[in-house]
Every structure is written in C-alpha cells, then in structure tokens.
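Please open the structure in your viewer and keep the sequence beside it, because each stop on this tour begins with something to select.

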Amino acid sequence: MNEVVITGENFAEEVLHSEIPVVVDFWAEWCGPCRMLAPVLAQFAERHSDIKVGKVNVDQQHALAAQFGIMSIPTLILFKGGEPVAQRIGLQNAASLEQFIAE
C-alpha cells in the first residue's frame with residue numbers, strides 16, 4: 001500500500017476509521033532524520049498491504065501535532081482500531097519498524 005498524506009480534514013477517515021492498522025509518521029521537510037526515514041517507510045509500505053502508512057507534515061498540520069503531543073520528529077504512532085497503541089521517536093531501520101508493528 002502506498003503512503004497517504006494525512007491532514008486534519010482526512011485524519012478521522014484515514015486513521016480513526018481505518019479497518020487496518022495505521023502507522024502515522026509525524027515529520028517535516030527540514031528534518032534530516034525524517035528524510036532518512038522516508039525511503040525506509042516507503043519500502044515498509046510496499047511490503048505491507050495490510051498496514052496503512054500515513055504522513056503528517058508537522059509544519060502544515062500544527063493541530064494534529066499538538067493533539068498527539070509531538071515534541072520530536074520523526075515520531076511514529078501506531079493506531080489500531082482508531083486508538084494509538086504504540087509510539088517510536090527518532091530514526092528507525094527496517095528491523096525496528098517490523099518490531100514496532102508486532103508490539
């Protein structure tokens with residue numbers, strides 16, 4: 001599954017009401033670790049059709065970043081059944097992403 005751009009307007013539909021788990025990446029264009037994580041997440045999304053990967057640009061979506069208390073980026077939050085169930089902060093590799101969704 002491809003990555004989905006998440007905004008305040010589509011957050012409920014894409015994340016809260018999703019029938020499959022969603023990994024939401026809170027990121028910014030100027031963030032070096034975020035840019036390094038991007039291809040890892042893209043490959044992860046290609047391998048996992050059973051998991052949605054959403055991206056929230058914190059510079060454009062201040063309210064969403066504030067709602068989830070995002071203080072450092074990149075931050076990944078795993079949602080299952082519309083609820084946040086796990087969170088990781090910082091650059092992740094492929095193995096740590098696999099572990100993250102298995103939690």
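Which residues are buried in helix α4 (residues 94-102)? Keep in mind, before selecting anything, that what you are looking at is a predicted model. Now select residues 94-102 and colour S96, L97, F100 and I101, which are the buried residues of helix α4. These residues cover an arc of only 135° around the axis, which puts them on the same side of α4. Turn the helix over and add A95 and A102 to the selection: these two are exposed and belong to the other side of α4.

Stay with the buried residues of α4 and show what lies over them, for the cover includes the strands β2 (22-27), β4 (75-80) and β5 (83-89), together with helix α2 (32-47).

**The whole chain**

Next, clear the selection and show the whole protein as a cartoon, in which you can trace four helices and five strands. Following the chain from the N terminus, you will meet these elements in the order β-α-β-α-β-α-β-β-α. The radius of gyration is 12 Å, close to the 13 Å that the globule rule gives for 103 residues, so the protein is as compact as a globular protein of that length. If you draw a box along the principal axes, the C-alpha atoms fill roughly 30 × 30 × 20 Å.

Switching to a surface view, you are looking at an accessible area of about 5400 Å², and carbon and sulfur atoms account for 54% of it. Of the 103 residues, 50% are buried. When contacts are counted between residues at least 6 apart in sequence, 68% of them join residues at least 24 apart. Colouring by charge brings out 6 positive and 13 negative side chains, and the centres of these two sets lie 7 Å apart.

**A buried loop residue**

Now select I6, in the loop between β1 (3-5) and α1 (11-16). Is I6 buried or exposed? With a relative accessible area of 1%, I6 is buried. Show the residues around it, setting aside those up to four places away in sequence, and you will find that I6 touches F11, E14, V15, G54, K55, V56, Q61 and L64. One of these partners deserves a distance label: I6 and K55 are 49 residues apart in sequence, while their C-alpha atoms are 5.5 Å apart in space.

**A cis peptide bond**

Move on to I73 and P74, which are joined by a cis peptide bond with omega at about 0°. To place this bond in the fold, note that P74 is found in the loop between α3 (62-67) and β4.

**Strand β4 and its lysine**

From there, select K80, a residue of strand β4. At 35% relative accessibility, K80 counts as partly exposed. Which residues is K80 in contact with, once its neighbours within four places in sequence are left aside? The contacts are with P21, V85, I101 and E103, and I101 is a residue you have already coloured, as one of the buried residues of α4. For a longer view across the model, draw a line from K80 to E9, which are 71 residues apart in sequence and 20 Å apart from C-alpha to C-alpha.

**Two last selections**

Select M36 in helix α2, where a relative accessibility of 51% makes this residue count as exposed. A line from M36 to M71 joins residues that are 35 apart in sequence, with their C-alpha atoms 19 Å apart in space.

Finally, select N93, which has its place in the loop between β5 and α4 and counts as partly exposed at 46% relative accessibility. The C-alpha atoms of N93 and R47 are 14 Å apart, and the two residues are separated by 46 residues in sequence.

Conventions
Residues are numbered from 1 along each chain as its sequence is written. This is a predicted model: local features need pLDDT of at least 70, side-chain atom pairs count only at pLDDT 80 or more; totals for chains, interfaces and linings use all residues. Side-chain values use heavy atoms; hydrogens and water are left out. The radius of gyration is taken over C-alpha atoms; the globule rule is 2.2 Å times the number of residues to the power 0.38. Buried means under 20% relative accessible area, exposed over 50%, partly exposed in between (1.4 Å probe, protein chains only). Contact means heavy atoms within 4.5 Å. Accessible areas come from the Shrake-Rupley method with a 1.4 Å probe; for residues, only the protein chains shown count as cover. Lys and Arg count as positive and Asp and Glu as negative; His and the chain ends are not counted. The place of a charge is taken as NZ of Lys, CZ of Arg, CG of Asp or CD of Glu. The arc is that of the directions from the helix axis to the C-beta atoms.
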